[in-house]
Amino acid sequence: MPFVRIDAHGTHAARLDALGRAVHDALVETLDIPHDDRFQVLTAHDGARGTLRYDDYLGVRRDEGVVFVAITLRAGRTTGRKQALYRRIAELAEAYAGTEPRNVFVTLTENSPADWSLGHGLAQYVGSGPC
């Protein structure tokens, strides 16, 4: 079960929704996440109540179209699957939301099954495989 946070600079609800769909569809396609396993926090930053900071680190020219995607999920994916996920998120963010791939910044944070409670105060994943 991934938990996704998406932060976008100066955007509207339709773009946030499109970005959320892009990330979810990429997770389903590349990591075999179940279709109904969607937990996302989508936030727009307008510059007054919140903003995003970025530079051109590693020669990537970002602009105000930048999107930060932070995904927390259980450990166990190969480097190749993670790379496929990054590529697919960038492709779908462009297709669904018009976000240039250079503006898609993704981080993964992995943890263990005991680090999740999906409700009722239980650790539902204790004893199960990756999601």
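1. Axes here are lines fitted to C-alpha atoms, for helices over the stretch in contact, and angles run from 0 to 180 degrees between N-to-C directions. On that basis, helix α1, residues 13-31, runs at about 140° to β1 and lies across β1, β2 and β3. The model is a predicted one.

2. The second helix to note is α2, which spans residues 79-97. Helix α2 lies across β3 and β4, and its angle to β4 is about 140°.

3. The sheet is open and has four strands, in the order β2-β1-β3-β4, with mixed pairing. The edge positions are taken by β2 (40-45) and β4 (104-111); each has a single partner strand, so one side of each is left without a neighbour in the sheet. From one strand to the next, the twist averages 10°.

4. As background, strands of a sheet pair through backbone hydrogen bonds, in either the parallel or the antiparallel sense. Both senses can be followed from β3: β1 (residues 3-9) pairs with β3 (residues 67-74) in the antiparallel sense over six bridges, while β3 and β4 pair in the parallel sense over eight bridges.

5. Two bridges can serve as reference points for the register. Between β1 and β3, aspartate 7 has phenylalanine 68 of β3 as its bridge partner. Between β3 and β4, arginine 74 is bridged to asparagine 111 of β4.

6. How is the connection from β3 through α2 to β4 handed? The three elements make a right-handed β-α-β unit. The two strands of this unit are parallel, and α2 lies across both of them.

7. Strand β3 is mostly covered, with six of its eight residues buried. Buried in this note stands for under 20% relative accessible area. Helices α1 and α2 both lie across β3.

8. How many cavities of 30 Å³ or more does the model contain? The count is one. The space in the largest cavity is about 30 Å³. Its lining consists of Leu19, Ala22, Val23, Val67, Val69, Ile89, Ala93 and Val104.

9. The elements giving two or more residues to that lining are α1, β3 and α2. Helix α1 gives the most, with three residues. Val67 and Val69 of the lining fall within β3, residues 67-74, and Ile89 and Ala93 fall within α2, residues 79-97. Val104 is also a lining residue, and β4 covers 104-111.

Conventions
Residues numbered from 1 in each chain as written. Predicted model: local features only at pLDDT ≥ 70, side-chain atom pairs only at ≥ 80, totals over all residues. Heavy atoms only, no water. Pairing = 2+ DSSP bridges. Contact = heavy atoms within 4.5 Å. Buried < 20%, exposed > 50% of the residue type's maximum accessible area, 1.4 Å probe, protein only. Right-handed = clockwise from strand over helix to strand, strands pointing away. 1 Å grid on protein atoms, 1.4 Å probe; cavity = no way out; pocket = protein on both sides within 12 Å on 5 of 7 lines; lining within 4 Å. Points joined across faces, edges and corners; volume = space filled by probe spheres on them.
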